[in-house]
Amino acid sequence: MPSSSEVTALASGLQTKPKYRGNVQAIPVTIANADNAVYDVSDVLPEGTRVIAVNLDFHDLDAAVSVGTTSGAATICASQSISAATRVQFPQLAIAAGSVEVPVGDKITVTVGNGTAGNVSGYILIVTSE
């Protein structure tokens, strides 16, 4: 029977918790009057942290937005132009399938380009070994 990439990797030996059966944690995100800035939405995350889901609502915002890390503004959700009320989700808009590893020493960021200020709310799910 065929298996997922994660289950197939188990055949080569034990996997780290963030790659298989790790601890899922939610990061709530609330940004009031977001406008033309890169916003930190997490602190520095533990080594091996993987982003497994993003669900962010942008209200009354007319701008380009992306979700990434300190190392790359659009490494999780590609930059897109939005207007009015828009939901940005990962993995639907993912650059990489399944999950994205956060580089060591990085934070998760939301980038809002020039536009009309608006509010951002939602959550990001990560998996760690903690």
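This briefing walks through some strands, a few chosen residues and a surface patch in the structure above. Keep in mind that the model is predicted. One set of four strands makes an open sheet, while strand β3 pairs with β7, with β9 and with β6. After the strands, we visit Thr-109, Ala-63 and Ala-117, and then finish at the surface.

**The four-stranded sheet**

- Start with the open sheet, where the strand order is β2-β8-β4-β5 and the pairing is antiparallel.
- At the edges sit β2 (37–40) and β5 (72–82), each of which pairs on one side only.
- From one strand to the next, the twist averages 20 degrees.
- To see one pairing in detail, look at β4 (residues 63–69) and β5, which are antiparallel and joined by five bridges.
- Within that pairing, Val-67 has Cys-77 of β5 as its bridge partner.

**Strand β3 and its partners**

- Strand β3 covers residues 50–59, and eight of its ten residues are buried, so this strand is mostly covered.
- With β9, strand β3 forms an antiparallel pairing of nine bridges, and here Val-54 stands opposite Ile-124.
- With β6 (residues 86–90), strand β3 shares five bridges, again in the antiparallel sense; Asn-55 stands opposite Gln-89 in this pairing.
- With β7 (residues 100–101), strand β3 has two bridges, also antiparallel, and Arg-50 faces Glu-101 across the pair.
- A helpful idea when you look at any strand: in a regular one, side chains alternate between the two faces of the sheet.

**Thr-109, a residue in β8**

- Find Thr-109 in strand β8, which spans residues 108–112.
- Is Thr-109 buried or exposed? Thr-109 counts as buried because its relative accessibility is 3%, and the cut-off for buried is under 20%.
- Beyond the neighbours within four places in sequence, Thr-109 touches Val-38, Tyr-39, Asp-40 and Val-41.
- The other contacts of Thr-109 in that list are Ser-66, Val-67, Gly-68, Thr-69 and Thr-70.

**Ala-63 and Ala-117**

- Ala-63 belongs to strand β4 and is buried, with a relative accessibility of 6%.
- Leaving out neighbours within four places in sequence, Ala-63 is in contact with Gln-80, Ser-81 and Ile-82, and also with Val-112, Gly-113, Asn-114 and Gly-115.
- Ala-63 and Asp-35 are 28 residues apart in sequence, with 8.2 Å between their C-alpha atoms.
- Ala-117, on the other hand, lies in the loop between β8 and β9 (118–128).
- Ala-117 counts as partly exposed because its relative accessibility is 34%, and partly exposed residues fall between the 20% and 50% cut-offs.
- How many residues apart along the chain are Ala-117 and Ala-63? The answer is 54, and their C-alpha atoms are separated by 8.1 Å.
- Setting aside neighbours within four places in sequence, Ala-117 contacts Asn-33, Ala-34, Asp-35, Asp-60 and Leu-61.
- Asp-35 therefore appears twice in this group: as a contact of Ala-117, where contact means heavy atoms within 4.5 Å, and in the C-alpha distance to Ala-63.

**A nonpolar patch on the surface**

- Which residues form a nonpolar patch on the surface? They are Val-7, Leu-10 and Tyr-20, and together they have about 210 Å² of accessible area.
- Leu-10, one of these residues, is found in helix α1 (residues 5–10).
- Leu-10 is partly exposed, with a relative accessible area of 33%.

Technical notes: Residues numbered from 1 in each chain as written. Predicted model: local features only at pLDDT ≥ 70, side-chain atom pairs only at ≥ 80, totals over all residues. Heavy atoms only, no water. Patch = residues over 30% accessible without salt bridge, like charges linked within 9 Å, V, L, I, M, F, W, Y side chains within 5 Å. Areas by Shrake-Rupley, 256 points an atom, 1.4 Å probe, with all protein chains shown as cover. Salt bridge = Lys/Arg side-chain N within 4 Å of Asp/Glu carboxyl O. Buried < 20%, exposed > 50% of the residue type's maximum accessible area, 1.4 Å probe, protein only. Pairing = 2+ DSSP bridges. Axes fitted to C-alpha atoms, helices over the stretch in contact; angles between N-to-C directions.
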